[in-house]
Amino acid sequence: MQSTQFDRILRRVATILSVVILTLCLIYVSSGVLLSFYYQPTAGGAYNSLKTINTQVPYGWLFWRSHELAGNGLIAVALIQIVVMFLSRQFNKSWLTAWISGILFTLSAIGLNWTAMILDWTQEGYWRFNIELRTIEAIPLIGGQLRDILAGGGAISTVTVEHLYTIHTYLIATTTLILAILHLSALVWQEWQQSGEAQRS
């Protein structure tokens, strides 16, 4: 398939968006590390610790707001990135790494947002997560086990917050950062290959 000027522009936009994604990911991770110094992953302590961060810790409100905005921004930019890659007709095998890492990154970003819903221990987060757990429990064969892993076996409690905090912080956040780096690397590699082919032709 012959590459048009429009395709090349969209591919460059995809590379720029991947830089934005990595930047947002670094902001999310670094602000999360700073918040973890004061955050208490317990049923009673989560809300109070976030309130303390917002009102008493110097610049705590800024780190919390940056963390929240970067998390939402990751999902929005990742979805735009997939649309841009689709419109630029990047369907050949050489783009496989970029596609897979982009899709997995988008799912990871959604996972970050999902696991964070109960970490503030508000009424809204509690009841949303309660509904989500019932949906998960309805999955055939593995629903009950998944619910027990997430909730800690019984009702939503401190154990639930600890489990979600561990999954959110250590598993999904690390995976998201790795995928963001991989995605950017794949797109930069493709840009380099295409510029080489254009010079040869």
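**Group meeting: a walk from Thr176 to the core and the pocket**

Okay, let's start with one residue, Thr176, which sits in helix 7, the stretch from 158 to 200. Keep in mind that what we're looking at is a predicted model.

So, is Thr176 buried or exposed? Its relative accessible area is 0%, and the cut-off for buried is under 20%, so Thr176 counts as buried. And who does Thr176 touch? Leaving out residues up to four places away in sequence, the list is Cys25, Phe105, Ser108, Ala109 and Leu112.

Phe105 takes us on to the largest nonpolar core, because Phe105 is among the residues with the most contacts inside that core, along with Ile21, Tyr39, Leu74, Phe129 and Leu150. The core has 47 residues in total. Helices 1 through 7 each put in at least two of them, and helix 7 has the largest share, with 11 residues. As background, nonpolar side chains in soluble globular proteins tend to be buried together.

Let's pick out Tyr39 from that group. Setting aside neighbours within four places in sequence, Tyr39 contacts Ala46, Ser49, Leu50, Ile53, Leu119, Val161 and Tyr165.

Now, the empty space. The largest pocket comes out at about 740 Å³. Which residues lie nearest its centre? Those are Tyr28, Trp64, His67, Ala116 and His168, out of 30 that line the pocket. Helices 1, 3, 4, 5 and 7 each give two or more residues to that lining. Split by class, the lining has 15 nonpolar, 11 polar and 4 charged residues.

Terms used: Residues are numbered from 1 along each chain as its sequence is written. This is a predicted model: local features need pLDDT of at least 70, side-chain atom pairs count only at pLDDT 80 or more; totals for chains, interfaces and linings use all residues. Side-chain values use heavy atoms; hydrogens and water are left out. Helices (H or I, at least four residues) and strands (E, at least two) are DSSP runs, numbered from the N terminus. Buried means under 20% relative accessible area, exposed over 50%, partly exposed in between (1.4 Å probe, protein chains only). Contact means heavy atoms within 4.5 Å. A nonpolar core is a set of buried Ala, Val, Leu, Ile, Met, Phe, Trp, Tyr and Cys residues joined through side-chain atoms within 4.5 Å. On a 1 Å grid over the protein atoms alone, a cavity is a set of points where a 1.4 Å probe fits but cannot get out, and a pocket is an open set with protein on both sides within 12 Å along at least five of seven lines; lining residues have an atom within 4 Å of a point. Grid points are joined across faces, edges and corners, and a volume is the space filled by probe spheres set on the points. Ala, Val, Leu, Ile, Met, Phe, Trp, Tyr, Cys and Pro count as nonpolar, Asp, Glu, Lys and Arg as charged, and the others, Gly among them, as polar.
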